[in-house]
Amino acid sequence: LDQRIDKQIKKNWLFEFQVKFFPYDMDSITEDLTRYYLCLQVRQNLLSGQLPCSFFSYVILGAYVVQSDAGDFDSEQHHGIEYLRDHPFAPQHLQSPEMLYRIAAAHRLLQGQTPELADRNFLMNAKKLALYGVHMHKVTSSSDAEHGLGVYYGGLLLYLGRIRLQRFSWPRIIKLSYRKRKFIVIVRSLDEAQAERTYEFRCPTELAAKRLWTLCVEHHNFFR
């Protein structure tokens with residue numbers, strides 16, 4: 001940390017700050033500025049496609065984005081759907097005219113909400129999304145099936161494509177470890193005849209396995 005960054009890297013890099021811990025209890029965020037930064041991160045995740053959601057969820061979240069950025073609907077300034085293009089809220093290929101018209105209609109209903117309240121309502125709806133705050137990692141099971149293993153405030157989520165197969169809450173997890181490319185999860189079994197169960201996954205690289213383990217430890221310490 002005492003050395004200049006340009007002395008430590010050999011190529012051109014783009015550095016950016018990102019949110020690591022996504023809280024579920026929005027009342028735990030006491031500072032408006034902190035809530036705003038969290039909103040910006042969630043909005044970026046929506047734009048990049050990292051946080052997928054349904055058509056109607058995009059409409060609801062998009063309306064709160066516009067209310068926070070542009071304020072109350074003003075018929076003299078906000079014409080049709082053109083003004084919405086200054087407030088991106090979803091991947092470009094998903095922003096259909098129908099979606100924009102619905103967002104414009106929903107924006108009219110949010111009259112009187114301050115930016116702070118709009119941000120809070122945005123987060124209250126965003127946290128209901130299945131992948132809100134989930135850091136997804138590609139892993140391979142012992143049967144050579146490709147899975148997504150997500151780390152979030154409540155524990156671990158195991159996905160096969162878009163189907164969630166397992167949820168391991170922090171209280172159920174007995175031990176997490178990694179050895180070379182292997183990532184091992186030992187959990188309390190839901191089967192009364194079996195005290196515990198072990199899940200073993202392979203990560204793309206040894207470094208990926210270490211990063212996954214580190215992220216799990218950090219989330220467990222932060223949210224327990």
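**Notebook: Ser-48, a helix pair and a hairpin**

I looked up Ser-48 to begin with: its relative accessibility is 45%, so I put it down as partly exposed, the class between 20% and 50%. The model is a predicted one, and I read every entry below with that in mind.

I then checked where Ser-48 sits, and found it in helix α2. I also looked up its separation from Gln-92: the two are 44 residues apart in sequence, and their C-alpha atoms lie 9.3 Å apart in space.

Next I turned to the packing of α2. How do the axes of α2 and α5 cross? I found that the axes of α2 (residues 32-48) and α5 (residues 115-126) come within 10 Å and cross at roughly 50°. I therefore noted α2 as oblique to α5. The crossing is left-handed.

I listed the residues that meet there. From α2 they are Asp-32, Arg-35, Tyr-36, Leu-38, Cys-39, Val-42, Arg-43 and Leu-46; from α5 they are Glu-116, Asp-119, Arg-120, Phe-122, Leu-123 and Ala-126. By class, I recorded eight nonpolar residues, six charged and no polar ones in this contact.

Last, I looked at the strands β3 (residues 155-160) and β4 (residues 163-169). They run antiparallel and are joined by six bridges. Which residue of β4 stands opposite Leu-157? I found Arg-167 there. The two strands form a hairpin, with two residues between them. I noted Gly-161 in the turn, where phi is positive at about 65°.

Methods: Residues numbered from 1 in each chain as written. Predicted model: local features only at pLDDT ≥ 70, side-chain atom pairs only at ≥ 80, totals over all residues. Heavy atoms only, no water. Axes fitted to C-alpha atoms, helices over the stretch in contact; angles between N-to-C directions. Helix = DSSP H or I, 4+ residues; strand = E, 2+ residues; numbered from the N terminus. Parallel < 35°, antiparallel > 145°, perpendicular 65-115°, else oblique. Left-handed = near helix turned anticlockwise from the far one by under 90°. Contact = heavy atoms within 4.5 Å. Nonpolar A, V, L, I, M, F, W, Y, C, P; charged D, E, K, R; others polar. Pairing = 2+ DSSP bridges. Buried < 20%, exposed > 50% of the residue type's maximum accessible area, 1.4 Å probe, protein only.
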